[in-house]
Amino acid sequence: MDMAGEEMVVGGMFMPQQTVGSVLCCMCGVSMQPNAANMCVRCLRSQSDITEGLEKHVILHYCTECNCYLQPPKTWIRASLESKELLTICIKRLKKLSRLRLVHAEFVWTEPHSKRIKVKLRVQKEVLNGAILEQSYIVEYVQVDKMCESCSRAQANPDQWSAVVQLRQHVPHRRTFFYLEQVILKHDAAARSIKITQMDRGIDFFFGHRSHASNFKDFLGQVVPIRSRDDKQLVSHDTKSNNYNYKHTFSVEICPICREDLICLPHKVSARLGNIGPLVLCTKVSNRLLLLDPVSLRTAYMDAEQYWWSPFKSLLSCRQLVEYIVLDIEASGSAITIEGTKYSLAEAQVARVSDFGKNDLIFNVRTHLGHLLNPGDYALGYDLYGANSNDFELDNYRNLFIPDVLLVKKSYEEQRKGRRMKLRAWKLKSMDMEVEETAARNRAEKDKRDMEYEAFLRDLEENPELRFNISLYQNKEYQPSETVSTVGADDIPSVPLEELLADLELSDDEEGGSGSGANEMME
């Protein structure tokens with residue numbers, strides 16, 4: 001316990017109180033606590049200026065098109081006013097600052113349209129006889145407009161691209177591209193693309209640099225099973241500097257197997273996957289395929305390398321689904337869960353909806369949808385009884401039992417027919433794509449695309465797992481009086497409101513003034 005004018009007892013020993021003496025400043029004679037230079041702070045600052053020789057005025061290059069700042073030599077970084085990213089760029093521009101110790105940095109408010117950015121820095125440095133002096137000073141940055149390379153190329157000629165990714169899938173529908181578009185938007189994978197063009201069976205992405213196209217191709221490989229090859233074409237050659245200018249082309253092909261496709265596996269592939277099938281359904285497509293045997297509920301995974309080692313095509317696709325009505329169903333096994341999806345074997349009696357009033361043809365089938373279907377429900381499946389397939393892999397199997405019907409999923413078409421078309425409470429964003437001229441003029445192609453897009457939206461409503469990698473936004477045009485239907489026995493499935501994101505749209509003024517929290521301690 002410290003007390004003035006008294007002694008302390010520590011461990012039974014008397015110890016006198018320790019006091020700090022004071023000395024006079026050698027310059028002005030003011031009483032002060034002693035330091036290494038024996039000078040007060042005011043005299044120390046007058047004798048030495050630690051900010052001498054540091055940059056006080058710096059030029060920042062700013063691209064008005066993409067809101068990026070130049071970090072020499074060639075890196076452009078997107079940053080808003082008074083943000084951490086902009087503060088980092090400003091500090092890195094001060095080359096001589098490395099000789100001092102930076103203690104604190106913060107922005108000083110300036111008029112947003114003045115093209116001036118002021119940063120207040122507090123630095124420390126060892127001066128006379130080991131004394132450490134701390135001093136603050138302000139650096140003024142002048143913002144000079146200058147277009148980055150990609151924006152300059154786009155303004156001069158939009159076709160001045162350096163690399164293109166040609167994404168293709170050889171199937172008669174665009175379901176995969178609708179899904180892929182939403183995944184790209186969620187991860188902002190095509191942010192560096194100069195132009196996006198919709199082609200007949202794919203999409204072309206144009207980039208200003210080869211590295212951007214290569215990174216985009218790697219992203220696609222993490223989302224869907226692909227194979228790719230790259231080529232380059234010489235555009236120009238400078239013989240004096242020995243510089244070559246190439247245009248690079250990345251040809252990316254997506255596996256032609258889609259979700260809900262019926263596949264007849266080749267002998268070698270079936271044996272390599274544990275003798276599954278050979279008739280299997282593709283239930284999930286990511287960077288690998290999930291194959292399900294609907295008769296035994298056995299599953300197998302196949303990645304891109306395994307598929308392209310021995311490629312095959314689907315026996316029937318989703319465009320060949322036929323609607324059936326369930327007359328009777330009886331469970332024949334317990335339910336199991338595979339990759340978050342529930343399946344249950346059952347014996348069912350079904351009939352084609354188109355046969356009503358024409359014949360009494362009834363099919364006895366085994367289905368994996370026993371937990372979903374009830375008598376009177378409708379289901380979509382493949383009609384193998386009346387299908388005319390010319391599949392060589394199917395002909396190679398001898399004495400293979402082929403069921404008359406393979407049910408794929410429950411159908412809600414009858415419930416939708418009884419309701420008028422309502423506006424959905426949710427919506428999807430879309431990429432800014434240019435449509436090929438021949439496709440834009442073809443009315444039939446446009447109607448076909450609209451029908452496929454509507455089918456894709458219904459798949460999102462019916463399959464929660466499909467919505468996992470997609471961002472859905474609230475539709476402002478939706479009337480709150482229209483209640484959202486929930487999934488029930490006789491109702492149409494829909495997207496729950498808690499899964500929707502607010503569609504945030506900021507104006508230019510809000511984006512420019514949104515930076516806050518610029519005061520950062522940097523040591």
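This is a short talk on the salt bridges and one surface patch in the structure shown above.

A word of caution to begin with: the model is predicted.

I'll take the salt bridges, then the patch. Searching the whole structure turns up 25 salt bridges. I'll go through three pairs and one network.

The pair I start with is D230 and R210, whose side chains form a salt bridge at 3.8 Å, N to O. D230 belongs to strand 14, residues 226-238, while R210 belongs to helix 5, residues 210-223, so this bridge ties together parts that are 20 residues apart in sequence. Are these two residues buried or exposed? D230 is partly exposed, at a relative accessible area of 43%. R210 is also partly exposed, at 38%.

Next is K284 with E465. The closest N and O atoms of this salt bridge are 3.3 Å apart. Where do the two residues sit in the chain? K284 is in strand 17, residues 279-285, and E465 is in the loop between helix 11 (443-462) and strand 30 (473-474). They are 181 residues apart, and the pair links distant parts of the chain. As for accessibility, K284 has a relative value of 28%, which counts as partly exposed because the buried class stops under 20%. E465, at 29%, is partly exposed as well.

The third pair is E347 and R366, with side chains meeting in a salt bridge at 3.5 Å, N to O. Here the bridge runs between two strands: E347 is in strand 24 and R366 in strand 25, so parts 19 residues apart in sequence are tied together. E347 has a relative accessible area of 38% and is partly exposed. R366 is partly exposed too, at 35% relative accessibility.

Now the network. Which residues are joined by salt bridges that share partners? They are R175, R259, E260, K409 and D459, and the result is one network.

That leaves the patch. L327, F356 and I362 make up a nonpolar patch on the surface. Together these three residues have about 280 Å² of accessible area. One of them, I362, is in the loop between strand 24 (346-352) and strand 25 (363-367). Those two strands came up a moment ago, as the ones holding E347 and R366. I362 itself has a relative accessible area of 45% and is partly exposed. It does not count as exposed, because that class needs over 50%.

To recap the main items: 25 salt bridges in the whole structure, one network of five named residues including K409, and a nonpolar surface patch that includes F356. I'll stop there.

Conventions:
Residues numbered from 1 in each chain as written. Predicted model: local features only at pLDDT ≥ 70, side-chain atom pairs only at ≥ 80, totals over all residues. Heavy atoms only, no water. Patch = residues over 30% accessible without salt bridge, like charges linked within 9 Å, V, L, I, M, F, W, Y side chains within 5 Å. Areas by Shrake-Rupley, 256 points an atom, 1.4 Å probe, with all protein chains shown as cover. Salt bridge = Lys/Arg side-chain N within 4 Å of Asp/Glu carboxyl O. Helix = DSSP H or I, 4+ residues; strand = E, 2+ residues; numbered from the N terminus. Buried < 20%, exposed > 50% of the residue type's maximum accessible area, 1.4 Å probe, protein only.
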